[in-house]
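Here are my notes after going through this one, point by point. Have a look at the model first, then read on.

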Amino acid sequence: MLTQDVTDELNRVFEQLAAQGKEPTLALVKARMSTSVPMPALIAAIKSWKSSNKVPKIEVAAETTTTELERIEKLEQQINQLQQRIAALEAKQ
């Protein structure tokens with residue numbers, strides 16, 4: 001599985017909040033992240049930041065991007081496979 005390191009983005013968010021004089025909270029951090037990060041990872045990062053001003057390395061599953069054409073081709077393949085299965089089932093009867 002491909003992963004994406006979000007540590008730098010978390011650091012930037014924490015530094016922005018500190019510059020604004022705000023304490024990082026789950027809601028503030030989550031709202032400012034462009035990448036979706038699981039809550040347990042965010043909680044661990046916030047705790048680490050509050051205790052030592054450091055963010056542990058956090059990686060999340062990378063989002064795979066498929067083009068519309070790739071999605072259509074995949075769906076067409078699935079339809080063809082289902083049609084073949086239906087035809088085989090009808091032939092048995």
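1. Let me start with Leu 42, which is found in helix H3. This is a predicted model, so keep that in mind for everything below. Leu 42 has a relative accessible area of 1%, and since anything under 20% counts as buried, Leu 42 is buried.

2. What does Leu 42 touch, once residues up to four places away in sequence are set aside? The list is Leu 10, Leu 26, Val 29, Lys 30 and Val 37. Take Leu 26 from that list: it sits 16 residues from Leu 42 in sequence, and the two C-alpha atoms are 6.9 Å apart.

3. Now the largest nonpolar core, which has 16 residues. The members touching the most other members are Val 6, Leu 10, Phe 14, Val 29, Met 33, Val 37 and Ile 58. Helices H1 (7-19) and H3 are the elements that give two or more residues to this core. H3 supplies the largest share, five residues. As background, nonpolar side chains in soluble globular proteins tend to be buried together.

4. Met 33 is worth a click. Leaving aside neighbours within four places in sequence, Met 33 is in contact with Val 6, Glu 9, Leu 10 and Val 13. Val 6 and Leu 10 also appear among the core members with the most contacts to other members, as does Met 33.

5. Is Thr 7 buried or exposed? Thr 7 lies in helix H1 and counts as buried, because its relative accessibility is 10% and the cut-off is 20%. Beyond four places in sequence, Thr 7 touches Val 55, Pro 56, Lys 57 and Ile 58. Ile 58 is another of the core residues named above.

6. Going back to H3, which covers residues 39-52, look at Ile 43. Ile 43 lies in this helix but is partly exposed, with a relative accessible area of 38%. Compare Leu 42, buried at 1%. Ile 43 is also one end of a long span: Ile 79 is 36 residues away in sequence and 43 Å away in space, C-alpha to C-alpha.

7. Please check the backbone at Asn 53. Its phi is near 55°, a positive value in a residue other than glycine. Asn 53 belongs to the loop between H3 and strand E2 (59-61), and is exposed, with a relative accessible area of 53%.

8. On the overall layout, the protein has four helices and two strands. Reading from the N terminus, the order is β-α-α-α-β-α.

9. How does the radius of gyration sit against that of a compact globule of 93 residues? The protein has 22 Å, whereas such a globule would be near 12 Å. The C-alpha trace spans about 70 × 25 × 20 Å along its principal axes. Buried residues are 23% of the 93.

10. Some whole-protein numbers to finish. Among contacts with a separation of 6 or more, 54% join residues 24 or more positions apart. The exposed area is about 7,300 Å², with carbon and sulfur atoms supplying 53% of it. There are 12 positive and 12 negative charges, and their mean positions are 9 Å apart.

Note on methods. Residues are numbered from 1 along each chain as its sequence is written. This is a predicted model: local features need pLDDT of at least 70, side-chain atom pairs count only at pLDDT 80 or more; totals for chains, interfaces and linings use all residues. Side-chain values use heavy atoms; hydrogens and water are left out. Buried means under 20% relative accessible area, exposed over 50%, partly exposed in between (1.4 Å probe, protein chains only). The radius of gyration is taken over C-alpha atoms; the globule rule is 2.2 Å times the number of residues to the power 0.38. Contact means heavy atoms within 4.5 Å. Accessible areas come from the Shrake-Rupley method with a 1.4 Å probe; for residues, only the protein chains shown count as cover. Lys and Arg count as positive and Asp and Glu as negative; His and the chain ends are not counted. The place of a charge is taken as NZ of Lys, CZ of Arg, CG of Asp or CD of Glu. A nonpolar core is a set of buried Ala, Val, Leu, Ile, Met, Phe, Trp, Tyr and Cys residues joined through side-chain atoms within 4.5 Å.
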